[in-house]
Amino acid sequence: MSSKIIVIIGAPGAGKGTQSRLLSEEYGYPQISTGEILREMARADTALGQTVKETMAEGRLVSDEILAEVIRARTTQPDCKDGYILDGYPRTLDQARLLEELASQQGKQIRFARIVVSEEALSKRLMGRRACPRCGEIYNIYFRPPKVDGVCDLDGAELVQRSDDHPEPVIRRLEEYKRSTAPLIDYYSKSGRLIEINGEQPVDDVFEKLLAAVDGPNN
Ligand code: AP5
């Protein structure tokens, strides 16, 4: 495959992280989750860390300026040379414009895929999500429970629930998605470059369709 940026778009809980992880294993490209990078920043005892932490806890989007720095710094690392997977970026039109600029500077093609899931299913997925703090494996108490309650199948670590996976921030995140990210979807759809995939199917079926979209003719 030639040098590519694979962009996975979707509402909170659509399965971006789950699918990006599989794509990363398939292609050997790094998975760049802006949510993960920001959570790491939020743990730092700095003014910036505090701002990021508060914004995320409220379920709002972190500013485009902060994201621009994050994405430039991360995508110019050596492991991104052959390609990378964007999980959670872009989410606004400004971010989309910056990505086009970066792709052209880096000589990479962009592939866009959107995972579509109904709002009812999204809420259940978010409230039921648990993750392994050690290896990052994602579970769901309703759809993909671990073998032993609360424990990672892979390394035995105790699973954790994200602070923004509680009812109030979940409602705000879904609203924020409609307000800020929906215009971006219109923009990509109109340019005919967005492949839409039904995310309400088993994980492996979604993955199979994503692979076809990524390897298919120009989208
Ligand atoms: P981020 O961490 O990216 O959160 P998100 O967009 O809300 O998405 P999620 O991680 O919640 O869901 P996902 O789509 O990855 O689903 P997953 O695979 O885990 O961002 C967090 C915050 O950071 C944002 O709110 C914002 O504040 C900030 N931020 C990040 N990027 C930003 C940006 N670009 N600009 C500004 N701010 C930014 O799956 C969810 C659950 O469903 C899991 O339990 C999973 O097991 C289950 N599941 C997955 N697939 C299936 C399936 N096919 N069937 C059944 N269950 C499934």
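## Close-up views of a predicted model

**View 1. Threonine 75 and its polar partners.** Start with the side chain of threonine 75: one of its polar atoms sits 2.8 Å from the backbone oxygen of isoleucine 71. This is a predicted model, so read each distance here as computed from it. Threonine 75 belongs to helix α4, which covers residues 64-75. Its side chain also makes a polar contact of 3.1 Å with the side chain of glutamine 106. Is threonine 75 buried or exposed? Threonine 75 has a relative accessible area of 4%, so it counts as buried, the cut-off being under 20%. Setting aside neighbours within four places in sequence, the residues in contact with threonine 75 are Ile32, Cys80, Tyr84, Leu102 and Gln106.

**View 2. The nonpolar core around leucine 86.** The largest nonpolar core in the model holds 54 residues. Which residues have the most contacts inside that core? They are Leu23 and Leu86. Zoom in on leucine 86 and, once residues up to four places away in sequence are dropped, you'll find it touching Ile5, Ile6, Val7, Ile8, Ile32, Ile71 and Leu99. There is also a second, separate core of five residues, with Cys132, Tyr139, Cys152 and Ala157 among them. As background, nonpolar side chains in soluble globular proteins tend to be buried together.

**View 3. The ligand and its shell.** Here the ligand is surrounded by 34 residues, and the closest are Thr18, Arg60, Arg91, Arg129 and Arg173. Sorted by class, that shell has 14 nonpolar, eleven polar and nine charged residues. Now for some individual distances. A backbone N or O atom of arginine 60 is 2.5 Å from a ligand oxygen. For alanine 14, a polar backbone atom and an oxygen atom of the ligand are 3.2 Å apart. Arginine 125 uses its side chain instead, with a polar atom 3.4 Å from a nitrogen atom of the ligand. How much of the ligand's accessible area does the protein cover? On its own the ligand has 1,000 Å² of accessible area, and the protein covers 95% of that. The elements giving two or more residues to the shell are α1 (16-27), α2 (34-43), α6 (119-128) and β6 (138-140). Of these, α2 gives the most, with four residues.

**View 4. Alanine 14, beside the ligand shell elements.** Alanine 14 is placed in the loop between β1 (4-10) and α1. With a relative accessible area of 3%, alanine 14 is buried. Leaving out neighbours within four places in sequence, its contacts are Ile115, Val117, Leu122 and Arg125. To get a sense of scale, pick the C-alpha atoms of alanine 14 and isoleucine 138: they are 124 residues apart along the chain and 13 Å apart in space.

**View 5. The loop between β3 and α5.** This loop, running between β3 (83-87) and α5 (93-106), is home to proline 90. Which residue does a cis peptide bond join to proline 90? It's tyrosine 89, and omega is about 0° for that bond. Threonine 92 is found in the loop between β3 and α5 too. Threonine 92 is buried, at 12% relative accessibility. Its side chain reaches the backbone nitrogen of glutamine 95 at 3.1 Å. Beyond four places in sequence, threonine 92 is in contact with Leu61, Asp64, Ser180 and Leu184.

**View 6. Arginine 144 and isoleucine 138.** Arginine 144 sits in the loop between β6 and α7 (167-190). Why does arginine 144 count as partly exposed? Its relative accessible area is 39%, which puts it between the buried cut-off of under 20% and the exposed cut-off of over 50%. A polar atom of the arginine 144 side chain lies 2.5 Å from the backbone oxygen of isoleucine 138. With neighbours within four places in sequence set aside, arginine 144 is in contact with Glu137, Ile138 and Tyr139. If you widen the view to serine 163, 19 residues away in sequence, its C-alpha is 20 Å from that of arginine 144.

**View 7. Tyrosine 27 and aspartate 215.** Tyrosine 27 lies in helix α1. The side chains of tyrosine 27 and aspartate 215 are joined by a polar contact of 3.1 Å. From tyrosine 27 to isoleucine 85, the C-alpha distance is 9.5 Å, across 58 residues of sequence.

Methods. Residues are numbered from 1 along each chain as its sequence is written. This is a predicted model: local features need pLDDT of at least 70, side-chain atom pairs count only at pLDDT 80 or more; totals for chains, interfaces and linings use all residues. Side-chain values use heavy atoms; hydrogens and water are left out. A residue is near a molecule or strand if one of its heavy atoms lies within 4 Å of it. A polar contact is a pair of N or O atoms within 3.5 Å; within protein, one must be able to donate a hydrogen and the other to accept it, and residues adjacent in sequence count only if both atoms are side-chain atoms. Accessible areas come from the Shrake-Rupley method with a 1.4 Å probe; for residues, only the protein chains shown count as cover. Ala, Val, Leu, Ile, Met, Phe, Trp, Tyr, Cys and Pro count as nonpolar, Asp, Glu, Lys and Arg as charged, and the others, Gly among them, as polar. A nonpolar core is a set of buried Ala, Val, Leu, Ile, Met, Phe, Trp, Tyr and Cys residues joined through side-chain atoms within 4.5 Å. Buried means under 20% relative accessible area, exposed over 50%, partly exposed in between (1.4 Å probe, protein chains only). Contact means heavy atoms within 4.5 Å.
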